[in-house]
Amino acid sequence: MKFTASQIAGILEGEVEGNPEITVHKLSKIEEGEDGSLTFLANPKYTPYIYSTQASITIVNRSFKPDHVLKTTLIKVDDAYKSFSKLLEYYNQAKNVKTGIENPVFLSDSASYGTGLYLGAFSYVGEHVKMGNEVKIYPNVYIGDNVTIGNNVTVFAGAKIYSDTQIGNKCVIHSGVILGADGFGFVPNGNGEFSKVPQTGNVVLEDDVDVGAGTTIDRATLGSTILRKGVKLDNQIQIAHNVEIGEHTVIAAQTGIAGSTKIGKNCLIGGQVGIVGHIVIGDGVKIQAQSGIGRNIKDGEILQGSPSLHYGDFNKSYVHFKNLPKLVNRLEQLEKNKTSE
């Protein structure tokens, strides 16, 4: 697809300085710009590149005033970074406009769907599945019985959605995601063996939830495992049975959350964090990468370490920790001195 500078300016409510009819068909970094590409300048440290870039069009802030002659056509906007992000979203939507049912697929006679469905080859859609408008199901996706999917949902190739899962509007499910696998529920019996506890609940994703590639979200033992509106999950995350994650919480890769833990809204959780089960984490909590959380956390706390400490306490403790060899040497020297007296 090709877009002219004037078309892009119209989308972004910007002003063109240069050739309004010049076209672009790809995106690039400003330092790697080439003919036919679109780039942007938001960070001042990249300003020198605007005079050498070969990009056909560059999005800049309205306040930008060039010191030298430019080869690139400018589109001036209020916020170059936000405008470029908006354009990326627009480009993604245009690129992913797929409709129709490919062959072969299995689509149950009892399944229903709205307008604009795309169902990729080798996908399976089970009994009584309900899909809204503009749902995009890429190849090799499995959708079990009684699944509900809202409007404007994208499920990328190879995802597996077990029975009874509920997915809201504007959700994105990336490749390799598994929604609704059994929770890790076993009880010991008298023979030293473990018997499985049936997992009869489901998974619920509210609107505008993103689930990164390779992430697994287990169904509840009873009730639902719930991700509230606007939750964003990175790749390779484990969410156990009956976990609840509050609105607009963001979690980075390789984090594991054990069963029945409740996490508040607007939390930021770093990569490789481990969280035990049956605890409550408040709203607005920030947890640094590789921390271990084993207790209830109050609203607004910032934590680091394993077991985790308050962020400030961790940094103060670390100063002493890294000096332990010196402190031990000093103690040993004091003991020698005392012995020799």
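Helices and strands here are DSSP runs, numbered from the N terminus, with at least four residues for a helix and at least two for a strand. With that in hand, let's look at one spot in this predicted model: Asp-109 sits in the loop between β9 (106-107) and β10 (112-113). Is Asp-109 buried or exposed? Exposed counts as over 50% relative accessible area, and Asp-109 is exposed because its value is 82%. Its C-alpha atom is 9.7 Å from that of Val-129, a residue 20 positions away along the chain.

**The whole protein**

Now step back. The protein has four helices and 40 strands. Its C-alpha atoms fill a box of roughly 85 × 70 × 30 Å along the principal axes. The radius of gyration is 26 Å, while a compact globule of 341 residues would come out near 20 Å. Of those 341 residues, 38% are buried. The accessible surface adds up to about 18200 Å², and carbon and sulfur atoms hold 52% of that. If you take the contacts with a separation of 6 or more, 17% of them are between residues 24 or more positions apart.

**Strands side by side**

A good place to see pairing is strand β21, residues 178-181. Strand β18 (residues 160-161) runs parallel to β21, and two bridges join them. On another pairing, β21 runs parallel to β26 (residues 216-218), this time with three bridges. Which residue in β21 is the bridge partner of Ile-161? That is Leu-179. Leu-179 also has a bridge partner in β26, namely Ile-217. So you can step from Ile-161 to Leu-179 and on to Ile-217. As a rule of thumb, side chains in a regular strand alternate between the two faces of the sheet.

**Charged pairs**

How many salt bridges does the structure hold? There are 11. Here are some of them, with the distance between N and O atoms:

| Lys or Arg | Asp or Glu | N to O distance |
|---|---|---|
| Lys-26 | Glu-34 | 2.2 Å |
| Lys-196 | Asp-182 | 3.2 Å |
| Arg-295 | Glu-301 | 3.7 Å |

The pair of Asp-182 and Lys-196 links distant parts of the chain, 14 residues apart: Asp-182 is in the loop between β21 and β22 (186-188), and Lys-196 is in strand β23 (residues 194-196). Asp-182 is partly exposed at 36% relative accessible area, and Lys-196 is partly exposed too, at 43%.

In the Lys-26 pair, Lys-26 is partly exposed at 29%, and Glu-34 is partly exposed at 40%. What about the last pair in the table? Arg-295 is partly exposed, with 36% relative accessibility. Glu-301 counts as buried because its relative accessible area is 16%, and the cut-off for buried is under 20%. Salt bridges can also join up: Glu-15, Arg-62 and Asp-78 are linked in a network of them.

**A nonpolar patch**

Finally, find the helices α3 (311-322) and α4 (324-340), which each supply at least two residues to a nonpolar patch. Which residues make this surface patch? They are Tyr-318, Phe-321, Leu-324 and Leu-327, and the patch covers about 400 Å². Leu-327 belongs to helix α4, and at 36% relative accessibility Leu-327 is partly exposed.

Technical notes:
Residues are numbered from 1 along each chain as its sequence is written. This is a predicted model: local features need pLDDT of at least 70, side-chain atom pairs count only at pLDDT 80 or more; totals for chains, interfaces and linings use all residues. Side-chain values use heavy atoms; hydrogens and water are left out. Patches are made of residues with over 30% relative accessible area and no salt bridge: like charges are joined within 9 Å, nonpolar side chains (Val, Leu, Ile, Met, Phe, Trp, Tyr) within 5 Å. Accessible areas come from the Shrake-Rupley method with a 1.4 Å probe; for residues, only the protein chains shown count as cover. A salt bridge is a side-chain nitrogen of Lys or Arg within 4 Å of a carboxyl oxygen of Asp or Glu. Buried means under 20% relative accessible area, exposed over 50%, partly exposed in between (1.4 Å probe, protein chains only). Two strands pair if DSSP finds at least two bridges between them. The radius of gyration is taken over C-alpha atoms; the globule rule is 2.2 Å times the number of residues to the power 0.38. Contact means heavy atoms within 4.5 Å.
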